[in-house]
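Here are my notes on the model you sent. Please read them with the structure open.

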2 protein chains.
Amino acid sequence: MTKRVAAAGPGSSREKILEVAEELFARQGFAGVSLADVASRVGLRKPSLFHHFPGKVALYAEVCEGVLARIAARVRPALDAPGLASLRLERAIGSLIDELAEHRGTARLLLRSLLEDDLFSAEDQARLVPLDRALAELVQSFQELLREGIESGEFRRVSLPDATQTVIGATVYHFASGEFGETLLGGPIFSAEAVARRKREVTAFIRAGLIDETAPLKSEGD
Amino acid sequence: MTKRVAAAGPGSSREKILEVAEELFARQGFAGVSLADVASRVGLRKPSLFHHFPGKVALYAEVCEGVLARIAARVRPALDAPGLASLRLERAIGSLIDELAEHRGTARLLLRSLLEDDLFSAEDQARLVPLDRALAELVQSFQELLREGIESGEFRRVSLPDATQTVIGATVYHFASGEFGETLLGGPIFSAEAVARRKREVTAFIRAGLIDETAPLKSEGD
DNA sequence: GTCTATACGATGATAGAC
DNA sequence: GTCTATCATCGTATAGAC
């Protein structure tokens, strides 16, 4: 109630800054973005940014939190739903891919944020704690789903962290791979066809690699 | 013969610069590294670097080329060997993981280089062409291996680019994931146990997801 | 309360003199 | 090969105009 300073309307400077910064951070990384560039694209002067954000790291943190919140909002329904773990897993991965495909900077921003842990000082890292916690929560829900599937006998007894990493690699890395990925595909990554094919391939791969087809009921030995 | 200016011995400034720069570029990315930092760690002043390299981008390009060359040297034997595609594939992935595990900055540097295509001007990109070509060659050999395996009936009829991306994600991304990966694993990424487990998990995943166990000979229908 | 002008200290890459 | 010098630009602080 007392948090918001004012009812900053849609299209306000604050939102435009976040929008522009999201694109730039995704494309050029934290260190590669200058606040002057952000400001000029918004149509402001550099120091004006400091009336909305206390500093570059705070802006970056808020951008990342927003992106992660969008992902979480999209993936959580599938993760938290009742039902077969294998179905929920496929729905969750499908939702994740949809989100990464619709907002083209998302995968890059997210992947970059994982690589930029050596760039921040101790007090800067404090600003990134909420981001880390939100990410940890999402990952934990995902691992919980894997664990349930293993216990119910739907999934093989894979290593939870390794399976998580493999899924992240197959989704986030792919849509972050930019020019390299497009050279590989021989065409755009984000076209409807390419996204649909990626979803099929990842789903098939996960299904074959994770789901234990030989033990559909309760068998545990091999 | 006429290329080398002098017989710069081992431990020369040039080699020390490359070594230090490799570590810093891996940890902080291209934009996050200052030449002053590189110089001071080598025991030089900033401008002295320019007597060894024409500029920051050239230094970066040479570092990346060296890292990729190490990988290629390690992976090529398995790729180019005769024999069953599935065996060669597993050996190649094993070699790749060994290389990524032994030189801890390698995965990060490589992954970052894929994300940093928006940071360079046209003439800067020209300096990165050899790197791109070397990478393309390696990827092409890998895809060739996949293609052979599909044609011989060993592998499922997966999308070559998508399967390649999945393997890169499962290997390069994993070993680049730094603090996040360690939080996930609950321990170090590069410990002997973690590396061995990763290799097992990836191999099992690839085996299940790629290799067509149901058609060991020539069947093509489903 | 929102934005701008000006300016500071630090650091960026690079030139030219020893 | 190395250092002194230079100049643009970095993120940030302050003071004031709408």
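1. Start with the backbone of A:L35. One of its N or O atoms sits 2.9 Å from a phosphate oxygen of DNA strand D. Bear in mind that this is a predicted model.

2. A:K56 also uses its backbone. There, an N or O atom lies 3.1 Å from a phosphate oxygen of DNA strand D. A:S34 uses its side chain instead: a polar atom is placed 3.4 Å from a phosphate oxygen of the strand.

3. Which residues come closest to DNA strand D? Both protein chains supply them: A:V33, A:L35, B:R45, B:P47 and B:H51. In total, 14 residues surround the strand. By class, 6 are nonpolar, 5 polar and 3 charged.

4. Look at the DNA side too. Among atoms of strand D within 4 Å of the protein, 47% are sugar or phosphate. The rest belong to bases.

5. Now the helix pair in chain A. Helix α3 (residues 56-80) packs with helix α4 (residues 85-102) at an angle of about 160°. Their axes are 8 Å apart. An angle over 145° counts as roughly antiparallel, so α3(A) and α4(A) are roughly antiparallel to each other. The crossing of α3(A) past α4(A) is right-handed.

6. What meets what between these helices? From α3(A), the residues include A:R70, A:I71, A:R74 and A:V75. From α4(A), they include A:R88, A:R91, A:D98 and A:E99. By class, the contact has 8 nonpolar, 1 polar and 7 charged residues.

How values were computed: Residues numbered from 1 in each chain as written. Chains lettered and ligands numbered in written order. Predicted model: local features only at pLDDT ≥ 70, side-chain atom pairs only at ≥ 80, totals over all residues. Heavy atoms only, no water. Near = heavy atom within 4 Å. Polar contact = N/O pair within 3.5 Å; in protein donor to acceptor, adjacent residues only side chain to side chain. Nonpolar A, V, L, I, M, F, W, Y, C, P; charged D, E, K, R; others polar. Axes fitted to C-alpha atoms, helices over the stretch in contact; angles between N-to-C directions. Helix = DSSP H or I, 4+ residues; strand = E, 2+ residues; numbered from the N terminus. Parallel < 35°, antiparallel > 145°, perpendicular 65-115°, else oblique. Left-handed = near helix turned anticlockwise from the far one by under 90°. Contact = heavy atoms within 4.5 Å.
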